[in-house]
Amino acid sequence: MKILLLDKNHPLITDQLLAKNFILEEDFTSTYDEVYNKIENYDGVIIRSRIPLDKNFLEKGKNLKFIARVGAGMENIDIPVAEKLGIQLINSPEGNRDSVAEHVVGMLLVLMNRLFIASQEVKNGIWLREENRGDELMGKTVGLIGYGNMGKATAKRLSGFGCKVIFHDILPSLSDEYATQVSLEELKEKAEVLSLHIPLTEISYYLIDGPFISDMKNDFYFVNTARGKNVETKALVEAIKAGKVKGACLDVLEYEKSSFEHLETENEDLKYLLESEKVIVTPHIAGWTIQSKEKLAQVIVDKIVASFSK
Ligand SMILES: NC(=O)c1ccc[n+]([C@@H]2O[C@H](COP(=O)([O-])OP(=O)(O)OC[C@H]3O[C@@H](n4cnc5c(N)ncnc54)[C@H](O)[C@@H]3O)[C@@H](O)[C@H]2O)c1
Ligand SMILES: O=C(O)[C@H](O)COP(=O)(O)O
């Protein structure tokens, strides 16, 4: 099988697939059009998220048997079209779920205990104690939306911090020893921390908007490691200004062009988020540890080999 690798990943992918007699071609720089023009020459594609694999692209790839996404989110692939064309879709969320879960807990601890602000103050010669009292995670009710790979890994860590973890998911009967499934209404009534762990789909686009935030009974901390477009930023900014959102931890932003590039535009809402003391922002690195790079690669190789090695 001839496979096109479109994004840089851990070298074990190349080493192990070559050892299994796959033919590989790396192309980390070609544009969408350039890849489009040659895609029919390949049986498989290994990609992260640099190039959108839309309907036209998939239809042009007449010999494609699989698309392997090194990572979790597949919103850059037209999934219904791929399924219709019989192209197998593979991803590797098992490789970065631990990283995302640690990032969520880490951001919450930093925000709620004012760690970054207090450290900056001390380094600037400012010694404030009363103003830097923390708010404990212990005892908080955390509401997760989405209880798949990322949601479960996050619940496992948060339950260890003494949080009561509840979640809402469109699939039924997912409760386990770490978290209890509830209706969206119950989550909105009880959550003191809200964390998103859903894929970006037509339905989940702007899931967190003004009405959703108003429906939340408590003032709450908000965490987004899912996708920027799951949240209507304008509504989030208004809620932070009004105190309804006590603070936000954002690894993803509506203004990301893709996780490979810088923010798309400067605008007032983005400016507020970047300047506010109540907001922690990271550059889409929740799933991006030294370990996850290797785990993501190994998971994807194992899945390709299991399905396509003779
Ligand atoms: N920031 C990062 O670095 C990073 C890393 C990994 C994943 N992610 C994001 O996290 C997302 C989730 O990853 P995952 O592996 O946990 O996915 P998953 O498919 O394992 O789980 C997602 C869960 O969400 C549920 N769901 C879908 N739409 C919903 C909705 N509208 N309301 C409630 N529940 C809904 C699904 O039923 C599923 O159980 C990815 O799609 C990606 O966008 C981000
Ligand atoms: O979905 C994921 O696995 C993460 O968001 C990483 O995405 P990236 O491969 O675009 O960096």
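A residue counts as buried when its relative accessible area is under 20%, as exposed when that area is over 50%, and as partly exposed in between. K295, with a relative accessible area of 32%, is therefore partly exposed. The structure described here is a predicted model, and the points below take up the surroundings of ligand 1, then several salt bridges, and finally the residue S30.

**Surroundings of ligand 1**

- The shell around ligand 1 is made up of 25 residues, and the closest of them are N149, M150, D169, T225 and D251.
- Sorted by the character of their side chains, the residues of this shell comprise twelve that are nonpolar, ten that are polar and three that are charged.
- Two of the closest residues reach oxygen atoms of the ligand through their side chains: a polar side-chain atom of D169 lies 2.6 Å from an oxygen atom of ligand 1, and an N or O atom in the side chain of N149 is 2.8 Å from an oxygen atom of ligand 1.
- In G287 it is the backbone that takes part, with an N or O atom placed 3.0 Å from an oxygen atom of ligand 1.
- On its own, ligand 1 has 860 Å² of accessible area, and the protein covers 86% of it.

**Salt bridges**

- The count of salt bridges in the model comes to 15, and the following points describe some of them.
- Within helix 3, which spans residues 55–60, K55 and E59 stand four residues apart, about one turn of the helix, and their side chains meet in a salt bridge with an N to O distance of 3.1 Å.
- Both partners in helix 3 are partly exposed, because the relative accessibility of K55 is 41% and the relative accessible area of E59 is 35%.
- A salt bridge also joins E75 to R227, where the closest N and O atoms are 2.5 Å apart.
- This pair links distant parts of the chain, 152 residues apart, since E75 is in the loop between strand 4 (66–69) and helix 4 (79–84), while R227 is in the loop between strand 10 (220–224) and helix 10 (233–242).
- Are E75 and R227 buried or partly exposed? E75 has a relative accessibility of 37% and so counts as partly exposed, whereas R227 has a relative accessible area of 15%, which is under 20%, and so is buried.
- The side chains of K295 and D98 form a further salt bridge, with an N to O distance of 3.0 Å.
- Because K295 lies in helix 12 (residues 290–308) and D98 lies in helix 5 (residues 97–112), the pair ties together parts that are 197 residues apart in sequence.
- Like K295, which has a relative accessible area of 32%, D98 is partly exposed, with a value of 25%.
- Salt bridges also link E25, D27 and K38 in a network.

**S30 and its contacts**

- S30 is found in the loop between strand 2 (23–26) and helix 2 (32–36).
- The relative accessibility of S30 is 13%, which is under 20%, and therefore S30 counts as buried.
- The side chain of S30 makes a polar contact, at 2.6 Å, with the side chain of D27, and D27 is also a member of the salt-bridge network with E25 and K38.
- When neighbours within four places in sequence are left aside, S30 is in contact with V35, R50 and I51.

Definitions and conventions
Residues are numbered from 1 along each chain as its sequence is written. Chains are lettered from A and ligands numbered from 1 in the order in which they are written. This is a predicted model: local features need pLDDT of at least 70, side-chain atom pairs count only at pLDDT 80 or more; totals for chains, interfaces and linings use all residues. Side-chain values use heavy atoms; hydrogens and water are left out. A residue is near a molecule or strand if one of its heavy atoms lies within 4 Å of it. A polar contact is a pair of N or O atoms within 3.5 Å; within protein, one must be able to donate a hydrogen and the other to accept it, and residues adjacent in sequence count only if both atoms are side-chain atoms. Accessible areas come from the Shrake-Rupley method with a 1.4 Å probe; for residues, only the protein chains shown count as cover. Ala, Val, Leu, Ile, Met, Phe, Trp, Tyr, Cys and Pro count as nonpolar, Asp, Glu, Lys and Arg as charged, and the others, Gly among them, as polar. A salt bridge is a side-chain nitrogen of Lys or Arg within 4 Å of a carboxyl oxygen of Asp or Glu. Helices (H or I, at least four residues) and strands (E, at least two) are DSSP runs, numbered from the N terminus. Buried means under 20% relative accessible area, exposed over 50%, partly exposed in between (1.4 Å probe, protein chains only). Contact means heavy atoms within 4.5 Å.
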